[in-house]
Amino acid sequence: MKPASLLAASEYGRMTKGIAQMYMLKLYMHEAGQERHYRNDEGKAMMWWNRVDSITEVMIKDGEYSLQKDYMSIWSPSNQRNSEVIFPIPNFPEGGLGNCFLAHALPADYVSQNGIALTKWGGFLVPWDFYDTYDPKDKRRNALLATYWNGKKMVDRRTEYTGKPGAVPMKYQENPSTTGQWDASEYVINRYAEVILARAEALNEIYGPTQEAKDLVHEIRERAFDNYKGSKYEKEINDITDKDAFRAHLLKERGWEFCWEGMRRPDLIRHGELISNAIARGKLMAEPKHILYAIPQSVIYENPNLKNNEGF
């Protein structure tokens, strides 16, 4: 496969070397978590973490991707095809071919202060319990809308909104050219920040919280906080000396970095925390079987040799 930098303009959106590497990386991380928490084989878990170490080292040294300086610019309509995105899905401003994320997220009474006519279905939300885990100075929290203009006043969703509680995820931003339905903004599936934090996680699992592992986390946090060098936010990472504490912080860091990017379920499964986390949030029907999905009955009808996952 070609690296992304060698794709012709007409090939943009096709599979690349970087996408293939990304999904090898995700497989290795998945298997590491499965071996540790669900198969009880720490030796095999470490084998998979060593593979994560190797592939992330290659991806970083290749220099094909880099972090954007501004977090929100990753999804900006004016910053398509940027160097952080590894796996994009191109979109077009036509019915059935566009990005509808913003339309799904915006509440019905939201009014653009830029005078843009927007489609608003009001479906996507971020629970306040998670929103409140962000430091108020973390610029990544700006992607989650807690207040907005309704045409008459600023609405505080926490205190005034009568529907489902939560902030509005707005990584995909207003685009003057579209209504938010069938938007031309590319959908970001995977990006380079994943590689950096995956490497930090692998190094910690293999060697503990080394300076290299900490420096990788600093790369991510430096754009999240102003005046990061020498700050309490940098010190917070430097002061971690325990492998378990660094692992726990990485799970939190990934939550803040990848909110509404489809990472949380596999992250919690890898850390052995999906079910305990659900129960702690009041989801009392959560059971160990839910780390997997049921195989659809229609598929089993087609192939009677298949057996459903345990518990289904």
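**Overall fold, a buried helix and the main pocket**

Of the 312 residues in the protein, 46% are buried. The model is a predicted one, and its chain folds into twelve helices plus six strands. As for overall dimensions, the C-alpha trace covers about 60 × 60 × 50 Å along its principal axes. The radius of gyration comes out at 21 Å, which agrees with the value near 20 Å for a compact globule of 312 residues. Sequence-distant pairs feature heavily in the contacts: taking those between residues at least 6 apart in sequence, 65% join residues at least 24 apart.

Helix H6 sits well inside all this. H6 runs over residues 192–207, and 15 of its 16 residues are buried, so the helix is largely enclosed by the rest of the structure. From first C-alpha to last, H6 reaches 23 Å, close to the 22 Å expected at 1.5 Å a residue. Just after H6 comes Gly 208, with a positive phi of about 90 degrees.

Then there is the open space. The largest pocket has a volume of about 860 Å³. Its lining takes in 26 residues, and the ones closest to the centre are Pro 127, Phe 130, Arg 264, Asn 277 and Arg 281. Four helices each give two or more residues to this lining: H4 (128–131), H9 (243–257), H10 (264–270) and H11 (274–280). H9 gives the most, with six residues. In character, the lining of the largest pocket splits into 14 nonpolar, eight charged and four polar residues.

Definitions and conventions. Residues are numbered from 1 along each chain as its sequence is written. This is a predicted model: local features need pLDDT of at least 70, side-chain atom pairs count only at pLDDT 80 or more; totals for chains, interfaces and linings use all residues. Side-chain values use heavy atoms; hydrogens and water are left out. On a 1 Å grid over the protein atoms alone, a cavity is a set of points where a 1.4 Å probe fits but cannot get out, and a pocket is an open set with protein on both sides within 12 Å along at least five of seven lines; lining residues have an atom within 4 Å of a point. Grid points are joined across faces, edges and corners, and a volume is the space filled by probe spheres set on the points. Ala, Val, Leu, Ile, Met, Phe, Trp, Tyr, Cys and Pro count as nonpolar, Asp, Glu, Lys and Arg as charged, and the others, Gly among them, as polar. The expected span of a helix is 1.5 Å times one less than its number of residues. Buried means under 20% relative accessible area, exposed over 50%, partly exposed in between (1.4 Å probe, protein chains only). The radius of gyration is taken over C-alpha atoms; the globule rule is 2.2 Å times the number of residues to the power 0.38. Contact means heavy atoms within 4.5 Å.
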